[in-house]
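Consider how two protein chains relate to each other and to a DNA strand. The model is shown below.

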2 protein chains.
Amino acid sequence: MQASLLRIRINHAGNTALGPGKIELLQHIAQQGSISAAAKQMRMSYRRAWELVDVMNRCFDQAVVVSTAGGSHGGGAQVTEFGQALIDAYQQILQKSAQAAADELHLITRHLKKD
Amino acid sequence: MQASLLRIRINHAGNTALGPGKIELLQHIAQQGSISAAAKQMRMSYRRAWELVDVMNRCFDQAVVVSTAGGSHGGGAQVTEFGQALIDAYQQILQKSAQAAADELHLITRHLKKD
DNA sequence: CATCGTAATGTATATATGGGTATAACGATG
DNA sequence: CATCGTTATACCCATATATACATTACGATG
């Protein structure tokens with residue numbers, strides 16, 4: 001199976017507010033409770049992961065990820081309820097879109113060369 | 001109104017087989033009958049426009065754009081019937097997706113900071 | 001109060017991307 | 001058969017993007 005044929009992004013002021021990469025990152029953060037662990041799991045630099053989180057936190061009217069520095073295990077990061085709602089909504093958009101446009105999608109993909 | 005909130009791409013072997021940029025380029029080529037004229041209209045370098053066309057032609061099992069070099073006006077390029085079908089299908093996908101996922105989209109975009 | 005692992009930020013470097021320019025090939029037309 | 005505008009391609013360079021590495025801040029815990 002190929003990795004997600006359909007890619008959907010939501011734009012905001014010319015930039016991507018939400019796309020497959022940010023969603024995947026959020027899921028890993030939610031699972032790991034840490035930005036650095038999520039980054040490592042995705043083999044992405046911590047720097048980049050943090051920047052993606054920062055962009056999200058700044059382009060929405062409420063936090064998507066909250067983090068604490070320091071503490072027994074150095075701190076950590078949690079996906080907020082709102083962030084989880086974003087993840088869910090994004091998945092729904094993906095699923096509903098793929099379903100609603102299944103015919104046209106098939107029309108296109110059936111002509112993609114197999115690699 | 002903001003420029004297309006929802007951006008959809010169709011992936012092929014890790015790369016983008018079809019996205020908003022390629023579709024817009026195809027439309028300009030269809031209208032102009034020339035890659036270079038389309039590129040100029042989009043203020044894109046001819047080199048890049050040609051590469052986008054090349055990628056499309058190589059990742060589908062039939063040509064999206066056919067071109068002729070030489071001739072009275074130097075030649076030109078035409079979008080094939082298949083290419084036009086791709087454009088139409090893409091537009092349908094955009095429209096149907098936005099419609100099918102309107103609720104979830106609204107849930108997300110209502111929390112985007114106004115810029 | 002030293003330790004630990006993470007957040008947060010800075011800086012330098014490598015890589016990818018796209019633009020600019022030049023040049024050759026092409027072929028209908030006058 | 002010279003001209004013309006376009007396709008097609010190569011080469012170099014500027015810029016953007018992402019990585020790598022380094023450093024500081026943080027604060028619960030032993």
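The following paragraphs take up the relation of the chains and then the surface near DNA strand C.

This is a predicted model, in which local features need pLDDT of at least 70, side-chain atom pairs count only at pLDDT 80 or more, and totals for chains, interfaces and linings use all residues. Residues are numbered from 1 along each chain as its sequence is written, chains are lettered from A and ligands numbered from 1 in the order in which they are written, and side-chain values use heavy atoms, with hydrogens and water left out.

Chain A superposes on chain B with an RMSD of 0.3 Å after a rotation of 179 degrees and a shift of 0.1 Å along the axis; the fit is by least squares on the C-alpha atoms of residues with pLDDT of at least 70 in both. This is the relation of a two-fold axis. Of the interface residues of chain A, 100% are also interface residues in chain B, so the copies meet through the same surface; contact here means heavy atoms within 4.5 Å.

Around DNA strand C there are 20 residues, of which Ile35(A), Arg47(A), Ser45(B), Gly70(B) and Gly71(B) come nearest; a residue is near a strand if one of its heavy atoms lies within 4 Å of it. Of the atoms of DNA strand C that come within 4 Å of the protein, 59% belong to sugar and phosphate.

Polar contacts are pairs of N or O atoms within 3.5 Å. The side chain of Ser45(B) has an N or O atom 2.7 Å from a phosphate oxygen of DNA strand C. A polar backbone atom of Gly70(B) is 2.8 Å from a base oxygen of DNA strand C, and a backbone N or O atom of Gly74(A) lies 3.2 Å from a base oxygen of that strand.

Definitions and conventions. Polar contact = N/O pair within 3.5 Å; in protein donor to acceptor, adjacent residues only side chain to side chain.
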